[in-house]
Amino acid sequence: MKHHLISLAVAAVLVTPLVHAFDLGKLVDKLNENPDLLNAVSGAVQNTIDANRTIGPKEEAAIGDGLAANLLGAAPLVNDAALQRYVNQVGEWVASRSEEPNLNWRFGVIDSPNVNGFATPGGTILITRGLYQKLNGEAELAGVLAHEISHVLLHHHIRAIQAGKGREAMGNALQGFASYKQGDTARQIGANALSGMSEVFVRGLDKDDEYEADIRGMVLAARAGYNPYALVSVLQTLSAINPADSTVQLMFSTHPAPNDRLNKIDQVVGDKLERYANGAEETQRFHRLR
């Protein structure tokens, strides 16, 4: 009965429109219209590097908005309002079960064939069209989003910057973003800096951060009423992809191998979440939007 009630709660939330559904599309314009915000982003990062101090929520949000705008400048949101609204609804629901439900959570699917997901400080989560198309149900989507949400909750990227591992890449990303603001030619230069952007997310994270996000994400997915082992299914899908496939090369080169992540989950989680395995998995709307 408990899981039935949770499933009903999930369904109820998923039919509720969310005000943040399309805020992501405004990020680039917002930054273009506000030079002070760009300076704030640069300043916040510089302060992060210089002082190695605790970064406040507003600074995290400023850094995260800059990073998300850069991502969106190179790979815009998929032009499908229903899909974006749906992914936001699932993400908002999962995030609402976290210890920071009131963060400015925003979710989107960017138009890239590559298989990957990105979390920026402050609560912006982007997954690629290529990753979304690999998913087989709503619980798998929730598991992926919960993994990325956990990166935000655990401040993994900020910690990586402060550890010095992401300084160069962050600098490249901000330089690219500054170029993006200067015109069409520079826009392309800025867009090309997305490769540096990816390195911010990749080079700055240790394997242990990915393992931690997997495990915390499974717990969060269970709290949200989904089968937490859906993330295992996603990793099994990824493990079956030829590593030579160009759509996964970046992710495979920068994340622990899917089989290593599966082994870690088996070691740490095992069957401890088995009682939640009958959580929600399939919804009609997931398949309707495929």
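# Exercises on a helix-rich chain

Asn263 has a relative accessibility of 45%, so Asn263 counts as partly exposed; that class lies between buried, under 20% relative accessible area, and exposed, over 50% (1.4 Å probe, protein chains only). The model is predicted: local features need pLDDT of at least 70 and side-chain atom pairs count only at pLDDT 80 or more, while totals for chains, interfaces and linings use all residues. Residues are numbered from 1 along each chain as its sequence is written, and side-chain values use heavy atoms, with hydrogens and water left out.

**Exercise 1. Place Asn263 and take stock of the chain.**

Step 1. Find the element: Asn263 belongs to helix 15 (residues 258-268). Helices (H or I, at least four residues) and strands (E, at least two) are DSSP runs, numbered from the N terminus.

Step 2. Look across the sequence: Tyr211 is 52 residues away from Asn263 along the chain, yet their C-alpha atoms are 10.0 Å apart.

Step 3. Widen the view. The chain holds 16 helices and 3 strands, and 53% of its 290 residues count as buried. Taking contacts (heavy atoms within 4.5 Å) between residues at least 6 apart in sequence, 74% join residues at least 24 apart.

**Exercise 2. Work out the order of the strands in the sheet, and which of them stand at the edges.**

Step 1. Start with pairing, which requires that DSSP finds at least two bridges between two strands. Strand 2 (residues 117-120) and strand 3 (residues 124-128) run antiparallel and are joined by 4 bridges. Ala119 stands opposite Ile125 of strand 3.

Step 2. Check the link. These two strands make a hairpin with 3 residues between them, and Gly122 in the turn has a positive phi of about 100°.

Step 3. Assemble the sheet: the 3 strands are ordered 1-3-2 in an open sheet with mixed pairing. Strand 1 (106-110) and strand 2 are at the edges with a single partner strand each, so one side of each has no neighbour in the sheet. On average, neighbouring strands are turned by 15° against each other, direction ignored.

**Exercise 3. Decide whether the two faces of strand 2 are covered or open, and name a helix that lies across the sheet strands.**

Step 1. Recall a general point: in a regular strand, side chains alternate between the two faces of the sheet.

Step 2. Apply it. Gly117 and Ala119 are on one side of strand 2, Phe118 and Thr120 on the other; all are buried, and both faces are covered.

Step 3. Add the helix. Helix 4 (residues 57-74) lies across strand 1, strand 2 and strand 3, running at about 150° to strand 2. Angles run from 0 to 180 degrees between N-to-C directions, with axes fitted to C-alpha atoms, for helices over the stretch in contact.

**Exercise 4. Describe how helix 7 packs against helix 12.**

Step 1. Get the geometry: helix 7 (residues 138-153) and helix 12 (residues 207-223) pack at about 120°, their axes 7 Å apart.

Step 2. List the contact. Helix 7 brings Ala146, His147, Ile149, Ser150 and His151, and helix 12 brings residues including Asp209, Glu210, Ala213 and Leu220. The contact residues split into 5 nonpolar, 4 polar and 4 charged; here Ala, Val, Leu, Ile, Met, Phe, Trp, Tyr, Cys and Pro count as nonpolar, Asp, Glu, Lys and Arg as charged, and the others, Gly among them, as polar.

Step 3. Zoom in on His147, which is buried at 5% relative accessibility. Beyond its neighbours within four places in sequence, His147 touches Glu210, Ala213, Asp214, Gly217 and Arg261.

Step 4. Compare Val219 of helix 12, which is partly exposed at 32%. The C-alpha atoms of Val219 and Gly143 are 9.4 Å apart, across 76 residues of sequence.

**Exercise 5. Find how many residues are buried in helix 7 and in helix 5.**

Step 1. Take helix 7: 16 of its 16 residues are buried, so helix 7 is largely enclosed by the rest of the structure. Just after it, His155 has a positive phi of about 55°.

Step 2. Take helix 5 (residues 81-96): 12 of its 16 residues are buried, among them Leu83, Tyr86, Val90 and Trp93.

Step 3. Check the span of helix 5: 22 Å from first C-alpha to last, close to the expected 22 Å, where the expected span is 1.5 Å times one less than the number of residues.
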